[in-house]
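Reader: Could you walk me through this one, a piece at a time? I would like to start in the middle of the fold and work outwards.

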Amino acid sequence: MAEKICAGRTVIVTGAGRGIGRAHALAFAAAGANVVVNDLGAELNGVGRSDSPAAQVVDEIMELGGKAVVNGDDVADFAGAKRMIRQAVDTFGRLDVLVNNAGIVRDRMLVNLDEQEWDAVVRVHLKGHFATMRHAAEYWRAEAKAGRSVDARIINTSSGAGLQGSVGQGNYAAAKAGIAALTITAAAEFARYGITVNAIAPSARTRMTEAVFADMMAKPEDGFDAMSPENVSPLVVWLGSADSAGVTGRMFEVEGGKVALADGWRHGVPVDRGARWEPAELGPAVRELIAKAAPPEAVYGA
């Protein structure tokens, strides 16, 4: 029998009605956690609403002997995010882990992208991460100030699009890059309260990927299904466990059986003139910097 490394812990998983989020919720339940299954039940573009997907996941967890509850709040609604945190505490007596997974797409080339398509994607992904983190951290800070032990975890969801860019997904890529920066900032700010904050950049078969990358995401007839969303969840469950204490501010790339640490922006070796540059002098200097640097990662779809 697998070790229940999250026994007794309470976990919120946003966007948990389908895909990777559903896999997370089921994996946490299998690891002994109480799970708040958040999902609006919207279409991929964020339109519509239904409690059915989240309720189905809760039913699956209950049938397996676990404990779970449906939450239908909008992650990007500030008051709704607060209600979500309060529901976890009121239902299970505590909150230990927040997994931010909810997201939508409105893919379009930047020259054709309209304001509403930009705002909708940035709202759900970036504001949706901030709102839930903000209220969860407030709860944990109060617990710490009251002298109660806090061993809390936040696991955010970025993307290769946010780390390397993605043609036709400027809004999504920008929001996911923002989540990466938000993660390392929160890790630095929340450490004093006993909270770790990490992020994943997963590659798996979801509603977002199976249409765009149909060949890559196709399920094999036999053998290991590298693109199964269930492959992403073991790392997230471990990051949500007590064993991950001390691991914070990190970005993990995860696909199939592979786990890697993404190496983000770092200070490069400078060319220092020791005085203000003349514009015409910068051409040779910049070309020298580029010649000495490692080439950038390719943009997805370029």
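**A strand, its neighbours and a helix**

Author: Happy to, and here is a starting point: Asn-156 stands opposite Ala-199 in β6. This is a predicted model, where local features need pLDDT of at least 70 and side-chain atom pairs count only at pLDDT 80 or more, while totals for chains, interfaces and linings use all residues. Residues are numbered from 1 along each chain as its sequence is written, and side-chain values use heavy atoms, with hydrogens and water left out.

Reader: In what sense do β5 and strand β6 pair?

Author: Helices (H or I, at least four residues) and strands (E, at least two) are DSSP runs numbered from the N terminus, and two strands pair if DSSP finds at least two bridges between them. At another position along this pair, Ala-152 stands opposite Ile-195 in β6. Over 6 bridges, β5 and β6 (residues 195-203) pair in the sense called parallel.

Reader: How many residues of β5 are buried?

Author: Buried means under 20% relative accessible area, exposed over 50%, and partly exposed in between, with a 1.4 Å probe and protein chains only. Ala-152, Ile-154 and Asn-156 point one way, Arg-153, Ile-155 and Thr-157 the other way, and all are buried. For strand β5 (residues 152-157), the count is 6 of 6.

Reader: Which hand does the unit of β4, α4 and β5 have?

Author: Strand β4 (residues 97-99) pairs with β5 in the parallel sense over 3 bridges, and Val-97 stands opposite Arg-153. A crossover is right-handed if, with the strands pointing away from the viewer, the path from the first strand over the helix to the second runs clockwise. The β-α-β unit made by β4, α4 and β5 is right-handed.

Reader: Why does the span of helix α4 agree with its number of residues?

Author: The expected span is 1.5 Å times one less than the number of residues. Helix α4 (residues 115-145) has 31 residues, so 45 Å is expected, and this agrees with the distance between its end C-alpha atoms, 42 Å.

Reader: Which strands stand at the edges of the sheet?

Author: The open sheet has 8 strands in the order β3-β2-β1-β4-β5-β6-β7-β8, with mixed pairing. Two strands have a single partner each, so one side of each is left without a neighbour in the sheet: β3 (67-71) and β8 (258-261).
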